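Here's a quick question-and-answer tour for the bench. Have the model open as you read.

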Amino acid sequence: MTGNRPTAPGPSRLAARRLTLAYEDRTVVEELDLDVPDGKVTVIVGPNACGKSTLLRALGRLLKPRRGAVLLDGTELARLPTKRIAQVIGLLPQTPVPPEGITVGDLIARGRQPHQKWWQQWSETDETSVSEAMQRTGTADLAERPVDELSGGQRQRVWIAMALAQDTDLLLLDEPTTYLDIAHQVEVLDLVRQLNRERGRTVVAVLHDLNQAARYADHLIAMCAGRIVAQGAPGDIVTAELVQEVFGLASVVVPDPVTGGPMVVPGPLRSPDGTSAGDDVPGGAGGGATVPAARDAAW
Amino acid sequence: MTRIDQGERAAQREQGRRAGSGGHHAVGDTGSGRPRGRPVGHAVLRAGQGSFLVHRRALVVGVVLTVLLAGAVVASLCVGESFVAPSEVLRVLLGLPSPDRLVVGTLRLPRLVTGLLVGIAFGLSGALIQTMARNPLASPDVIGVTHGAGAATVAAMTFGLTSYTVLPYVSVAGGLLAALLVYLFAWRGGLAASRFVLIGIGISVALGSLTRLLLTKGDYLVAQQAKTWLTGSLNGRGYDQAAPLATVLVLLVPFLLWAARARRGSAFDDDTAIALGIRLDRVRVGLSVLGVVLASVATGAAGPVDFVALLAPQIARRLTRAPHIPLVCSALMGALIVVIGDLLARRLLSPLELPVGVFTALVGAPYLMWLIVRTRSSRSGGTA
Amino acid sequence: MSGVARRRFGWLVATFLLLSMAVLLSLAVGSRAVAPSVVWDALLHGGDSADAQVVRSLRVPRTVIGVMVGAALAVAGTVLQGVTRNPIAEPGILGISQGASMGVVCAIAFLGVHSLTGYVWYAFVGAGVAAVLIYAVASSGRGGASPVKLALAGAAMNAFLASLISAILTTDARALDEFRFWDVGSISGRDATIAGQVWPFLLAGLLLVLAMARGLDALALGDDIARGLGRNVALLRATGALGATVLTGAAVAAAGPIAFIGLAVPHMARALVGPGHRWLLPVAALLGPVMVLLADVLGRVVVRPAEVPVAVMTALAGVPFLIVLVRRKAVAA
């Protein structure tokens, strides 16, 4: 799985070794190895309950491994002080809960917590990091508003701003585009990629939308039933076969009209004979022309 | 068709973005320089290498509360069997010779000091425990301290131990023991706030029922004495009770300073707090142990003065409109409630003196309700 | 899915069987032990033997009241925890029981009422008045009766009433002497009259609450989602609060404050059948009486010939169960 495709050269800063994750008595991820390529945007995709969020939680030390380890710069996460980790890994959980009545500005400023000391509660660096995070996410105008009163999209941007203010080399995002409309989804993902391009931040994100994942990932990880089915550049690994294997969905993979990367178009809709037309159309090679025809046939 | 339309629009977006100022051009970005990063409503105090964030409104509320408290203290020293002029009270407080030295300095001051310290301790304790539990209903009542102290003390009284030199130790021991029990049962690879509170309240209710049972066992004189103790009273309290409390408060100051900082991160959900590098278990245990110690020592001094620990932090929080429960303001609020409560307890039905606990809630509860009535809307329905 | 449903149904049946057993024990066990067959006989055919007399005139009313009180408090606690979304909300901590106590204290101290049957209406009215005040405080101001405001208003009311009660009792020793025996919470010495007084309220409260089970499920997801599911959140809360108040009022009027049931039984039931209210409410309604009756039976035998009041016994015997069940749940993080 991992071996036959070259990942980033050299040891990764964040890696998982023989990682087994479980809640109570239900094992979710078993014996998983992973090297997060440095300086790239890695996106994890997979069907619901495939363990992708669980894996991200473990990478961010929110979940203790049952066996195996997550390594940060070669050291087991469990052996590092959590504050030290917070200076290197920023993490946005799936459903963060704000303190009641907190203002946007205050919330974003709390992202600086790992860098502050008891007697140094607000430094120049804190000031610039927060101010930059606000600027990048367009939350400066909201600064005085209570977080409770924001819309879902605004709130999500505020949380991302907090994670940015943390100013870490690695950024883990668990479904950062939930609650957002399509325009804001694109905005957030652009922002993530821009952070990566301009600052060399390593980003790992869990995304629901396979096409967004394919568009924004440098390195795509497809998970199914707690294991990695495929990983690599989206152009190399996204095929109709993979989509069938991972999501159990018949589809056609066509070139994205904007980027030229792979784009997954579901269909044909389930035909009575079970096997879908996706099997007939080789991934990506089918081209756009066949797609409308396939759809018409299915309709 | 629509699909392609969308594709084109996306392409335009993409181009627009590229053509823009190069940077991310977000909604609401005025472009007029950097936005201020400092959290809204806070001021930064700098001293050498150090820098401290101060919630502005909390500072104002703190100053106002201090002034009110000073007023209440003077009033409380003036009023009694005989009225003493405020000027004489100030002279006594400043150590100047005064004809009223005996009444003010020897009779009224020790009781007042005890009340003040008890109020501070309960206010702090409630603030710490509510913060830790993320639940506005939490207080030393809820995690076993009060009821442990109550059960131990009432048991001692029922079985004939009525010496006021021994009882405080019994109640402190009872409170600490009950809290220890709660920790033991609630700890399971960590201290989850909800489990801690649930087990705490379970044990509290059990101990509370035990206390009520004990109340029916003794004759009614014991019952009345116990009831007075259970309500919290400053009658006959003085420096003997105040001294240990003051010592504990002073010893805890470094820890309280730690708590004031540690508390900032604990208002998030667990995941976010860990992501911010907060050692949740350490913070939770630290905050709650501080709260437990403060509450039990204060209970030893004056009995479980009813509801100060529950009310003072919530009042302080609503006054300051801070996103966390303010420690200093809670302490001041607690002291204010107890001092005013004791003033009423002494004078309202004089010469009959009622226990202070009767009035702390009579003063605090309506005020909290009034604050709730005029509160601004808060959409989130979560915990505190 | 069907496995889960079957397990839930299994627990429902099991708690029902437990309840039947508890009822039988409550009728048979006491300072005078009566064989189950004699109990059966006394219930079906009457008879004038001493045993039959004891069973019919003392133990039947006591057991009936135990069942009523247990079910009422457990359901009221479940509803209040759902409505306020606070795991430690229960009729006691939210001031409703304290309102009932206030009613009883006033009745004793100022109105010269000195009988258990006399207390009932005062307790009921007290609980009602307190609840209305709490709801009025919580729902005024912008934003309406949010869970936090409800919980806080309840706690403040609880504090306020408790100190009023203290004020009355510390100045009136005779009232304290009488009140402390009611305040301890017991189902002994209650006769059929009391059951007759409270059952219509109990029934009304139970029906009201059971009818809104699905609404409570929606509320558990948060106000916004509940609204999205087409629920009238304010109406749901008000209905829930009303139901819980009627139930608490009836229970406290009948037996005095029994704090533990409303707190613990909802958590126990949740550990058995999960958070869905359509299962939770019936199981809680069955489990509450089980706790009350078993505790009451235990209270009759542990210090024979004296009795430990049921409120004390439920708390003491119930705490271990609560601890085990609460510990069983997984750590969130």
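**Helices, chains and contacts**

Q: How far apart are the end C-alpha atoms of residues 92–113 of chain C?
A: Residues 92–113 of chain C are 68% helix and 0% strand, with helices being DSSP runs of H or I of at least four residues and strands E runs of at least two, numbered from the N terminus. From one end C-alpha atom to the other, that span covers 24 Å.

Some ground rules: this is a predicted model, where local features need pLDDT of at least 70, side-chain atom pairs count only at pLDDT 80 or more, and totals for chains, interfaces and linings use all residues. Residues are numbered from 1 along each chain as its sequence is written, while chains are lettered from A and ligands numbered from 1 in the order in which they are written.

Q: What is the end-to-end C-alpha distance for residues 119–138 of chain C?
A: This span is 100% helix and 0% strand. The unreviewed UniProt entry lists 119–138 of chain C among its "transmembrane region" annotations; such annotations may be inferred rather than shown by experiment, and positions follow the numbering used here, with feature names shortened. Its end C-alpha atoms lie 28 Å apart.

Q: At what angle do the axes of α9 and α13 of chain C cross?
A: Helix α9(C) is residues 213–220 and α13(C) is residues 277–301. Axes are lines fitted to C-alpha atoms over the stretch in contact, with angles from 0 to 180 degrees between N-to-C directions. The two axes come within 8 Å and cross at roughly 120 degrees.

Q: Which residues of α13(C) meet α9(C)?
A: Contact here means C-beta atoms, placed from the backbone, within 7 Å. On the α9(C) side you'll find Ala213(C), Arg214(C), Leu216(C) and Asp217(C). Their partners in α13(C) are His277(C), Arg278(C) and Leu281(C).

Q: Which element gives the largest share of the side of chain C that touches chain B?
A: The contact takes 57 residues from chain C and 62 residues from chain B. Elements giving two or more residues on the chain C side include α5 (116–139), α6 (147–171) and α7 (173–183). The largest share, 17 residues, comes from α6(C).

Q: Is Asp219(B) buried or exposed?
A: Asp219(B) sits in the loop between α7 (193–217) and α8 (220–231) of chain B. Buried takes 20 or more other C-beta atoms (placed from the backbone) within 10 Å, exposed 12 or fewer, and partly exposed lies in between. Because Asp219(B) has 9 C-beta neighbours inside 10 Å, it counts as exposed.

Note on methods:
Contact = placed C-beta atoms within 7 Å.
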